[in-house]
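Here are my notes on the internal cavities and on one residue of interest. Please read them beside the model.

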Amino acid sequence: MPAATASGLVAAVYRQVAQEMRLVVPPAMLHSPVPDLLAAYWMLLRESLLPTGEVGRATKEAVAAAVSVAAICPYCTEMHTVGLYDLSGEHDAEAIAGDRAWEVRDPRLREVALWARHAHEADRAVQLPAGLSMAARAELVGVVVSMHYLTRMVNIFLSNFLLPPGLGPRGRRRFKRGASVVMRPTLRAPHEPGRSLSLLPEAPVAGGSEWAAASPAVARALARAGAVFEAAGARVLSPAVRALVLQRLSRWRGEETGLGTAWCDELVAGLPPADRAAGRLALLASIASHQVSDDDVAEFRRYHPGDAAVIGATGWASFAAARLIGERQGQAGGLPPTTHDRGGAARPKSSR
């Protein structure tokens with residue numbers, strides 16, 4: 001929905017987004033067919049990423065960029081590395097964008113970026129740096145959760161690239177330098193925690209999300225947004241489809257599914273046609289969002305017409321995966337063995 005024609009809750013969210021990000025960004029617009037999901041997306045992202053009470057914005061942007069790389073979301077990678085050009089410098093930004101987080105020069109930023117890059121991998125989870133407060137940890141896990149949600153939705157509905165795709169490496173860096181200057185006021189301005197919470201009603205904290213309690217704004221945002229995503233899933237997806245997705249997620253350890261989608265086709269094969277289309281879309285959204293095709297969306301729309309239905313289904317599935325990653329991070333143990341790369345930077349052992 002264009003900002004000029006927005007009203008009600010959509011207009012209220014758009015006002016906050018424009019005030020804090022200088023424009024109504026495309027990820028906000030894609031959620032606008034379902035106003036409460038728009039508010040949930042914004043609340044989840046805003047309360048974890050923008051305020052800097054315990055964790056600086058450079059650290060949060062490094063986490064957001066590293067998650068974007070992990071989720072194979074070029075659009076989000078470019079968006080958040082543009083911010084890092086201003087906050088931590090071109091070298092560190094490009095190291096994270098190129099999936100070389102071990103090359104980041106700032107040691108604390110390097111540790112956090114490596115953790116975020118692998119936070120979804122249950123058997124290879126890298127621990128957060130020692131010495132962080134519980135509130136800081138809650139904020140950082142909150143960024144991981146919000147970005148694992150957002151990258152899935154962006155992969156499904158937006159262009160693959162934020163920057164013009166014809167730019168060469170030198171042109172891309174020049175573009176990012178200029179964009180980072182434009183973004184500087186939004187990156188460095190203070191953002192008060194809790195500003196978005198009035199957009200949605202209070203909700204109880206879901207089981208498994210207790211990790212967020214040390215950061216009240218993140219905890220409240222997670223609870224309120226989670227209630228909205230659950231309601232959206234119940235409106236659009238059958239109990240059988242939701243159970244199938246949750247069961248598959250419970251077995252997912254963060255591994256990539258490969259180039260094909262046979263794993264998904266096998267899981268939905270026994271469902272009736274409407275549930276088969278919905279199940280395929282929801283499963284791909286949750287585990288392999290970069291593989292969702294226009295045909296998958298079109299097949300879903302045959303049985304569930306309207307933008308609200310497709311946003312509700314994919315939003316529920318994306319959040320289910322993101323929330324699971326947060327729950328596992330809340331239970332995470334110690335560091336795995338490490339090796340050392342050039343310059344002595346610690347790097348997790350590859351499991352491949």
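1. Thr77 sits in helix α5, which covers residues 74–87. Bear in mind that this is a predicted model.

2. Is Thr77 buried or exposed? Its relative accessibility is 9%. The cut-off for buried is under 20%, so Thr77 counts as buried.

3. Which residues does Thr77 touch beyond its neighbours within four places in sequence? The contacts are Ala65, Ser68, Val69 and Ala97.

4. Now the empty space. The structure has three cavities of 30 Å³ or more. The largest has a volume of about 180 Å³. Its lining is made up of 16 residues. Closest to the centre are Ala70, Ala71, Arg152, Trp252 and Ile287.

5. Two helices deserve a look at the largest cavity. α8 (134–157) and α13 (273–287) each give at least two residues to its lining. By class, that lining has six nonpolar, seven polar and three charged residues. Check the charged class when you inspect the site.

6. The second largest cavity has a volume of about 50 Å³. Its lining consists of Leu44, Ser48, Gly142, Val145, Ser146, Trp211, Val218, Ala221 and Leu222.

7. Which helices supply at least two residues each to the lining of the second largest cavity? They are α3 (35–49), α8 and α10 (216–236). Helix α8 thus appears at this cavity and also at the largest one.

8. What is the class make-up of the second lining? Six residues are nonpolar and three are polar. No charged residue lines the second largest cavity, whereas the lining of the largest cavity has three.

Methods
Residues are numbered from 1 along each chain as its sequence is written. This is a predicted model: local features need pLDDT of at least 70, side-chain atom pairs count only at pLDDT 80 or more; totals for chains, interfaces and linings use all residues. Side-chain values use heavy atoms; hydrogens and water are left out. On a 1 Å grid over the protein atoms alone, a cavity is a set of points where a 1.4 Å probe fits but cannot get out, and a pocket is an open set with protein on both sides within 12 Å along at least five of seven lines; lining residues have an atom within 4 Å of a point. Grid points are joined across faces, edges and corners, and a volume is the space filled by probe spheres set on the points. Helices (H or I, at least four residues) and strands (E, at least two) are DSSP runs, numbered from the N terminus. Ala, Val, Leu, Ile, Met, Phe, Trp, Tyr, Cys and Pro count as nonpolar, Asp, Glu, Lys and Arg as charged, and the others, Gly among them, as polar. Buried means under 20% relative accessible area, exposed over 50%, partly exposed in between (1.4 Å probe, protein chains only). Contact means heavy atoms within 4.5 Å.
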